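Trainee: I have a model open in front of me and would like to learn how to read it. Can you walk me through a few features?

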Amino acid sequence: MPSWNDILVMLPEFYLLAAACVLLLMDAFLRPSQRRVTHYTAIGVVIITIWLVLSGGGDGATAFNRMFVRDGMAEILKVFVLLSVALVCIYSRPYLRDRGLHIGEFYALLLFAALGAMLLVSAGNLVMVYLGLQLLSLCSYALVAMDRDSARSSEAAVKYFILSALAGGLLLYGMSMIYGATGSLDLAQIHAIAPRVAHPHLLVFGLVFLVAGIAFELGIAPFHMWLPDVYDGAPTAVVTFISTVPKLAAVGLAFRLLEMCMGTLAVDWQMMLAVLAAVSLVIGNFVAIMQPNIKRMLAYSTIAHMGFVLLGLAAATPAGYAAAVFYVVCYALMAAAAFGVIMLLARAGFEAENISDFKGLNQRSPWFAGVMALAMFSLAGIPPLFGFYAKLLVLESAIHAGLLWLAIVAIITSIVGLFYYLRVVKVMYFDAPDEGADQPLAADRPLRWVLSLNGLALIGMGIFWGPLLAWCLHAFGA
């Protein structure tokens, strides 16, 4: 029987589960014209959940026989998972309404996916890892397939489902090997038992499959095949979610499985991560140059950025883990801003998916052209924006860990990546708009205000990044 302490430790998760169920039932009794009630209720639920996460404190408390861990890293990732869900809700409303997709199930799936991400980053047991991962994945499949009248959306959902099922099978197989070698599902116990197992090769064999599963969730090459097709085929509102929440959760997954569970085998998985990072940086940046579709370009950009995240994880030090979490938080805010502008430009019957659709944006809306430019410059890592310091931190951690060659690869490929980010800026500021492309932008006030704040945050956090970094370092005891 669960104790009262177990319930208190998992209070944010229990609240989010109950609220998502109530929201789903409530929406069944609302008319389509009353959908705004569901919209604002979902945002309110997210805000309350953030407060519950922050008020609990990351003190290393556990629940349900250590299946659930509430620590500093989980607190940071949960806050930004929930913040990303709130941004998706705000940015998506006009876009979904124009396409007849503004339905209550969208918000319910977002909340259930956030719950899966929260369970994943707090997992203290292999069973909890798989439970959180599957809850997040199943909701993601449904969101990608939400536009049932679109063949592209359905195709993207099928590809995502099949490849994700394969990756889930690899991860589960790796877990079974680890359980066979250690006789335990508890991450802390596995960490303690690993140095003295009777069959160490079985443990390393399972580790290879764990790394493959983590690489798929992050979208790391060569496990990236699903990412460009999902970004291209799914509704932009869903792509905003896919580019933020699962990436935050995957970093938590990587820390739990690699450090908490297999930390004694760091020598084995460090080089695996380093090689995967190098491949992702090269493939992501070079293939992005050839993309005329901005969503596919940002998909390959994501692959490159997740390569940077692996630089921090490959360092296998508290400072490296802190840098990886700092980087993925930074990436989530940058990606949300970029996709927010794409949705702002979109209208009924027009998706704004090609880079050419941004021609002359500065003439139509200098402010939001500036927001998009900030997002592009920050993704490129230009100082003094947020993205510059995120890249600097992971490069520093990689160099201190003796991975100088990987840092050099990252720097060279980042210079290559400048091309496709600056191409978007060039199109907005120096190309004349196409004839008839002077329609006014969406007038949704919450979208405009929050998107503006999101863009300004890239400047503000680029200058005042110290508190967030201190929070990350404190979470890992660095």
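Trainee: Let's begin with Phe-377. Where is its place?

Mentor: Keep in mind that this is a predicted model. Phe-377 belongs to helix α17, which covers residues 366-380.

Trainee: And does Phe-377 count as buried or exposed, or something in between?

Mentor: For that you look at relative accessibility, where buried means under 20% and exposed over 50%. Phe-377 comes out at 26%, so it counts as partly exposed.

Trainee: Which residues does Phe-377 touch, leaving out those up to four places away in sequence?

Mentor: Ile-382, Leu-385, Leu-422 and Val-425. You can also check a separation: Val-279 is 98 residues from Phe-377 along the chain, and their C-alpha atoms are 23 Å apart.

Trainee: On to pockets. How much space lies in the largest pocket?

Mentor: About 230 Å³. There are 13 lining residues, and the closest to the centre are Leu-101, Ile-103, Met-146, Asp-147 and Arg-148. Helix α5 (residues 104-121) gives the most to that lining, three residues. By type, the lining has seven nonpolar residues, one polar and five charged.

Trainee: What about the second largest pocket, which residues line it?

Mentor: Its volume is about 180 Å³. Among the lining residues are Phe-308, Lys-391, Ser-414 and Leu-418. Two elements, α18 (386-400) and α19 (404-430), each give two or more residues to this lining, and α19 has the largest share with five. The lining divides into nine nonpolar, two polar and one charged.

Trainee: Now aromatic rings. How many aromatic pairs does the structure hold?

Mentor: There are 18. To describe a pair of aromatic rings, you give the distance of the centres and the angle of the planes. Take Tyr-173 and Phe-209: edge-to-face, 5.0 Å centre to centre, with 80° between the planes. Tyr-173 sits in helix α7 (residues 151-182) and Phe-209 in helix α9 (residues 200-218), so this pair ties together parts 36 residues apart in sequence. Tyr-173, at 37% relative accessibility, counts as partly exposed, while Phe-209, at 17%, counts as buried.

Trainee: Can you show me another one?

Mentor: Sure. Phe-326 and Phe-386 are also edge-to-face, at 5.4 Å and 80°. Phe-326 is in helix α15 (residues 318-345) and Phe-386 in helix α18, so the pair links parts 60 residues apart in sequence. Both Phe-326 and Phe-386 are buried.

Trainee: Which residue's charged end sits over the ring of Tyr-95?

Mentor: That's Arg-99, whose charged end is 3.9 Å from the centre of the Tyr-95 ring.

Technical notes: Residues are numbered from 1 along each chain as its sequence is written. This is a predicted model: local features need pLDDT of at least 70, side-chain atom pairs count only at pLDDT 80 or more; totals for chains, interfaces and linings use all residues. Side-chain values use heavy atoms; hydrogens and water are left out. Helices (H or I, at least four residues) and strands (E, at least two) are DSSP runs, numbered from the N terminus. Buried means under 20% relative accessible area, exposed over 50%, partly exposed in between (1.4 Å probe, protein chains only). Contact means heavy atoms within 4.5 Å. On a 1 Å grid over the protein atoms alone, a cavity is a set of points where a 1.4 Å probe fits but cannot get out, and a pocket is an open set with protein on both sides within 12 Å along at least five of seven lines; lining residues have an atom within 4 Å of a point. Grid points are joined across faces, edges and corners, and a volume is the space filled by probe spheres set on the points. Ala, Val, Leu, Ile, Met, Phe, Trp, Tyr, Cys and Pro count as nonpolar, Asp, Glu, Lys and Arg as charged, and the others, Gly among them, as polar. Rings of Phe, Tyr and Trp (its six-membered ring) pair if their centres lie within 6.5 Å; planes under 30 degrees apart count as stacked, over 60 as edge-to-face and the rest as tilted. A charge sits over a ring if NZ of Lys or CZ of Arg is within 6 Å of the ring centre and within 35 degrees of the ring normal.
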